[in-house]
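User: Please take a close look at one part of this structure, starting from the surroundings of a single residue and working outward. I would like the cut-off behind each term to be stated as it comes up.

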Amino acid sequence: IYDSLTGFLTRGEIIKEGNKIKQEFSTNRKEFCILMLDLDDFKYINDKYGHVVGDNVMKMLANNISNHIRSSDYIGRYGGGEVLLSCPNKSMENGFSLAERIRKSIEETKFYIDGDNYINATLSIGLYEFAKDDLSFIEAVNFADMMLYKAKNKSKNKIMCFNNA
């Protein structure tokens, strides 16, 4: 159920929880947004400093993100450096504010790799807000992921939002 490195839900579990939240959204139409977050250049960190350092950076990242989310949010490790955050009762505007707080916090964090040596890291984030009943949770995840890769291709350390209009 939980990823051993981050303590977040596993990919399968976060999708399962997201499907439940999506069903609630379809019933009560409360706001619901999802964020796909990815540690920029995670492969480079692993290649340059080794996987032990990469794992420690992921643990520190997870701890940092956890300090910014509500107990009603669901978070899971989606892949390598990717994290999926489901935020029931949160609008696009509020989701963007949350994403910016997380992005800025990671940007300002010193990730210590040993004693006095540290590296800086950044996050790219894709954001999607549910607006239609006909979209499945996984389709929405794909839209958030598409926005994530737009952010990475632009300049990294950026937030991109999907526009439903």
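Analyst: Leaving aside residues up to four places away in sequence, Leu39 touches Ile45, Val57, Met58, Leu61, Gly81, Ala121, Thr122, Leu123 and Lys152, where contact means heavy atoms within 4.5 Å. The model is predicted, so local features need pLDDT of at least 70 and side-chain atom pairs count only at pLDDT 80 or more, whereas totals for chains, interfaces and linings use all residues. Residues are numbered from 1 along each chain as its sequence is written, and side-chain values use heavy atoms, with hydrogens and water left out.

Leu39 is among the residues with the most contacts inside the largest nonpolar core, a group of 31 residues in which Leu35, Leu37, Ile65, Leu85, Ile102 and Leu123 also stand out in this way. Such a core is a set of buried Ala, Val, Leu, Ile, Met, Phe, Trp, Tyr and Cys residues joined through side-chain atoms within 4.5 Å, and buried means under 20% relative accessible area, exposed over 50% and partly exposed in between, with a 1.4 Å probe and protein chains only. Two or more residues of this core come from each of strand S1 (32–39), H2, helix H3 (51–66), strand S3 (82–88), H4 and strand S6 (123–129); these elements are DSSP runs numbered from the N terminus, helices being H or I with at least four residues and strands E with at least two. H3 gives the largest share, six residues. A second, separate core of 22 residues includes Phe25, Leu135, Phe137 and Met160.

One of the contributing elements, H2, can be followed from its inner face to its outer one. Phe42, Ile45 and Asn46 are buried in H2, and because these buried residues fall within an arc of 95 degrees when seen down the axis, they line one face of the helix; the arc is that of the directions from the helix axis to the C-beta atoms. Their cover includes S1, H3 and strand S5 (117–119). On the other side of H2, Lys43 and Asp47 are exposed, and these two side chains form a salt bridge with their closest N and O atoms 2.6 Å apart, the term meaning a side-chain nitrogen of Lys or Arg within 4 Å of a carboxyl oxygen of Asp or Glu. Because Lys43 and Asp47 are four residues apart in H2 (residues 42–49), about one helical turn separates them. After H2 comes Gly50, whose phi is positive, near 100 degrees.

H4, another contributor to the core, also carries charged pairs. Glu100 and Arg103 meet in a salt bridge at 2.7 Å, N to O, and both lie in H4 (residues 92–108), three residues apart. Glu100 is partly exposed at 28% relative accessibility, while Arg103 is buried at 10%. Glu108 and Lys104 form a salt bridge at 3.7 Å; Glu108 is exposed at 55%, and Lys104 is partly exposed at 35%. Salt bridges link Glu100, Arg103, Lys104, Glu107 and Glu108 in a network, and twelve salt bridges are found in the whole structure.
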